[in-house]
Each structure stands twice: as structure tokens, then as C-alpha cells.
Amino acid sequence: MNEWTVGTVRRVAGPVVETTCTGDAQMLELVYVGDHRLIGEIVRIRQHTAWVQVYEDTTGLRPGAPVYGSGEPLSVELGPGLIGAIYDGVQRPLDTLRKKAGDFISRGIDAPALDRQRKWHFVPALKARCPVTGGMVLGHVRETDAILHKVMAPPTIAGDLYMIAEEGDYRVEEIIATVHNHGHPVELPLFHQWPVRKSRPHAGHLHLARPLITGQRVIDTLFPVARGGVVVVPGGFGTGKTMIQHALAKWCDADIVVYIGCGERGNEMTEVLTEFPKLIDPRTERPLMDRTILIANTSNMPVAAREASIYTGITIAEYFRDMGYDVAVMADSTSRWAEALRELSGRMEEMPAEEGFPAYLPTRLAEFYERAGMVKTLAGDEASITTIGAVSPPGGDFSEPVTRQTKRFIRTFWALDKQLANSRHYPAINWLDSYSEYVDDIAEWWDATAKGEWKARRAAILSIMQREAKLERVVKLVGADVLPDSQRVVLEAAAMFKNAFLQQNSYDKMDAFCSAEKQSKMLEIILTYFDLVSEAINRGALLADFSKIEVVRDIMQMKFECGNEDAAKLDAILAKLKASVQERQHAHA
């Protein structure tokens, strides 16, 4: 990379460095600061002064130190070798840095994101002399057993293919194609670079019609997210945000998962880094890392790199989306990212807005979340990015700026509840405060799975839970014994739904993941119990006649005893329920 001096350091304010600058400096240009060549990015230019956001520790940096320009924006390398890698916020490979510098990253140390020595077996998909446009697949590389890496022409390329390499083994820097782009030959290696703050182009947005199946019943049945949708998961300390994202990373039916640990505590990221390589993908029986990319940027790492990390992650996700894959992006958490924005804004002496956050916080949130979606790629495939962002509001206050502004740009809200978490109810998603606006979009898919009854059943169970919440206020004052059976059956059905359906044991092999078909059957059984018992009570029966029938035990244990493929067992429980209620009715009569 060609470099030249574009200025000198004038003042250092933590991660923000004020510099003199020449006319060659550009906004958002990648620069190297000082003798240690610290990585930075120009974020403001005013006359002959530039402010540089430095992604490394600036301790010891002095006025007068040189600033070198690159002429390029902050970019990521996109090519074979991304899957299974662990990067920091600016795509430096942590495994490689550890081998070079030990357990602590030295200032100024750098390494290419993609291994320059490893060879990949390239299989061409085109022949010479054919026209090439951006996003067209030039060939394939088998990156892992689960992922076929499609080597694509960069989106900015268009022209005639002059040369395509023969099948064989190549390093990422070796030329595999030459394209005459507007009359000028452009040599294409196995990888290319793309600016992290610029979204990759596509042919157009598509309607969201299929859910992202997570295997978590409270999510899939009550508050689903469509493939290509956006979700926010707010919750105070200890409510299980990271646990939910870990479960989704393992169980969701996305092809590729990009997990961004943005400003989280070191022990949490350590758990991710040590546990993820050991996890087995339940669909392929291969290591989960065969379809996962980790970006680790802990709270003790430079704060500026935290700000860049979510853009690095979403750009990598867009790259795999362009190959035709469905990608899930887990950002944990955007609150720490917003805090980085606040600190950097304060260092640049910008006018603060609410609670000290910069006035452009909503704009930055929108820029991130709008990069999700179901699209038609430049190659003509249908693919998606589903973004799930965790928010850590101080004290669990959902009215604070980050949570409130994020709600403007998302359509699904999974509100985590401290009381549920303390009572060991997992997932601790509050069914009264949460919502999903994708229900109508994906109803057709779910109704095909649930024989046309999903939307009605979902509305019925939510109605029961709302009635139960109102009755609980009365129960707290006078107790449940004074309520008539017609109201007590609501409490019993709600308790059954909470314990037998909403609560899920991630350590139980049978219950950790629940298929859509099993969820539908379970919901049908619980609602059938409520409808039949309510009807019997209206005819004069007593609730006590039904509370202790044997089938109730079967209902409470069906999540543990009926596998995802055991539809016959669930049908047997439903038949037994109908027979038991009818028998009790006849006995009462």
C-alpha cells in the first residue's frame, strides 16, 4: 500500500487525535499515526485541521508525530478464510496476533485478515471472453464442509472476462481472473476489499415471508422474526441477553452466523471464544465454527475499535449474503457501541444531546439496522441478513435513549424481564411487553405448518395471558380461592402455558430446540385443554374435576418426553385429553 505524510499530531485527547493536515487528506481515510503506525480514521476535517479516530492505545503519542495517509477508507478483506476466524473490531485476526505478540496486543502490530500462505482449491465457473458484471460468480472454493465459498467479481467491476484461472490451488493474493473494465485490464485475486461504512449493492429488496426459526418457543410462536428482519433484545444486567444470542447462534436456521461482541465484559467474550469452537452444529453434526465468524471487541480494548466493530461485522455479513446465503448477525451489545460514540463525540467537543449521546445517534442506528433485509443479489439469488441487536439499558430502563431510538428502526422487540430471570424462567422474555410486527408477513408460512390455525391460536393464547395479568392483580389482594372457576381456569391455563411451553431448558437435549411442527402441536394441546375445560365449567362442572386428571401430567412433561419428530406422541396426548375431559363430564352428569 502506498503511503505518504498527510499531517502531524497537534493534540491527543484519548482515542481522538487532532492533527494538522495537507490538502491530500480525505474524510474517512485510513491513516497511520506516529512511529508505531497506529491505525486510525479521519472523522472530521476543518480547514487545515483533521481529527483522527485512533483504533489503538494512544498512550505515549506526542505532538509532532507524523500521520501517514493511505488514500483508502477503512475496509475489510473479503475472501476465503473468513469462516471460523476470530477478529477484533478492525478485522485484525486475533489468533495471528497472539502468535506474533503473545497474550496482549502490542501497539502498532498488524496482520492481514486473510492467511496469505494458505492455498485454496479454486474451481472456475466461467470461461474466458464472456461478459462479467459485479457480483457474478467467477468460481468456487470449498471453505468448510458446510460452506461453499463463491468467488465473486467485486460490485464495481463490469466488462469482458479476458482470463480465468484453471482449476487448482491458489493463495488469496494470486490472480485468478482478468477483466477488461471500461477498456482497462483489472486483475482479480481470490479476495477483494470493501469499505465498512458503505453498504454493498444489491438488485432490490424482497418481501419478508419466511420466519427465521430459532427453536425457542416464545420467539417462534409469540414474537417471531422474519428472515431479513431486525430485532432488539433489551434487558438489564443478568437477564440473559448473551444467553439468548448464544442459543440463536447455535439453533437458528441461518446458513452463516456473524457474532459481534461489542464492548462486552472480557469474561463473557472468553466464554464465547472458548465454547463456540467446541459446539456442534445440530444440523450438520460438524463444529459450529464451520459456519460462524466471531468479532471480539471487549470493554478493555480501545474504545474507537468498538465503534467500528459493528460495521466490520455487517459488511462481512453482506458479503456472504451476496453469495446467496441467509446470514444472522448478533450484535452484543449496541449500548456499548453507543457509549463509544458518546465518548468519541465528547473528545471532539461536539454538542451533546440527551444523556450525553451525540445528536446523530439515531442516524447511526438507522445506518446499521437498515443494512438488514431480504434481497435479490446482483447474481440473481434470494438471500437475507437478519440482525439481532442486544441493548443494555442502565437499570433496565427501557425509556433511555439507546433503547428508545432503536425501537424506531426495528419491528420485533424481545423485552427481557428481571423477575423472570431471577425465577429461573428461560428465556426471560416478557410476553406482555414484547411484540412482533412480522406476524402478518409470515402467517402464510406458519399456517401451512399449523394447518391454517397458527395466527388464531397465537391470538388466543396471548388473550389468555393478558386476562391472567389482570386477574393476578385481584389475586394479590384477595387470593385465588374467591375467584369463580370460570376465572380460575384462566390462571391454570396460563400457568400451564408458562411452565409447559414458554419455559425452555437449554441443557435438555429434547427441549433445547423445538421444531415448528412440535410448537404448533403443543400450543394446540394447551388451548384444547382450556377450551374443553372452560366449556365443561360453563355446563356446571367443577375445575377440581379436571385439575388432577392424568393427562395434565403428560401435558406438563411433553416438552421433555416428545421429540421433534414424535408427532404421534403429541397426537396421542391430544386424544387422551379429549377422552379424559369427556369422561369427567359424563361422571359429573
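**View 1. Helix α3 gives the most to the lining of the largest pocket, with seven residues.** The model shown is predicted. Helix α3 spans 241-251, and helix α4 spans 266-275. Each of these two helices supplies at least two residues of the lining of the largest pocket.

**View 2. The largest pocket holds about 1400 Å³ of space.** Its lining is made of 47 residues. Closest to the pocket centre are Met243, His246, Tyr426, Ser506 and Tyr507. By class, the lining residues comprise 17 nonpolar, 16 polar and 14 charged.

**View 3. The second largest pocket encloses about 760 Å³.** Here 25 residues form the lining. Leu94, Asp103, Phe104, Ile105 and Met301 lie nearest the centre of this pocket. The lining divides into eleven nonpolar, seven polar and seven charged residues.

**View 4. Helices α1 and α4 line the second largest pocket.** Helix α1 covers 94-101. Both α1 and α4 supply at least two lining residues. The largest share comes from α4, with five residues. Helix α4 also supplies at least two residues to the lining of the largest pocket.

**View 5. Six strands close into a barrel.** Their order is β1-β2-β5-β4-β3-β6, and the pairing is antiparallel. From one strand to the next, the twist averages 45°.

**View 6. Strands β1 and β2 of the barrel run antiparallel.** Strand β1 takes in residues 4-13, and strand β2 takes in residues 16-20. Four bridges join the two. In this pair, Arg11 stands opposite Glu18 in β2.

**View 7. Four strands make up an open sheet.** The order is β10-β13-β15-β16, again with antiparallel pairing. Strands β10 (131-133) and β16 (184-189) stand at the edges. Each edge strand has a single partner, so one side of each is left without a neighbour in the sheet. Neighbouring strands of this sheet are turned by 40° against each other on average, direction ignored.

**View 8. Strands β13 and β15 pair within the open sheet.** Strand β13 runs through residues 158-164, and strand β15 through residues 175-181. Their pairing is antiparallel and extends over five bridges. Asp160 stands opposite His180 in β15. Strands of a sheet pair through backbone hydrogen bonds, either parallel or antiparallel.

Notes:
Residues numbered from 1 in each chain as written. Predicted model: local features only at pLDDT ≥ 70, side-chain atom pairs only at ≥ 80, totals over all residues. Heavy atoms only, no water. 1 Å grid on protein atoms, 1.4 Å probe; cavity = no way out; pocket = protein on both sides within 12 Å on 5 of 7 lines; lining within 4 Å. Points joined across faces, edges and corners; volume = space filled by probe spheres on them. Nonpolar A, V, L, I, M, F, W, Y, C, P; charged D, E, K, R; others polar. Pairing = 2+ DSSP bridges. Axes fitted to C-alpha atoms, helices over the stretch in contact; angles between N-to-C directions.
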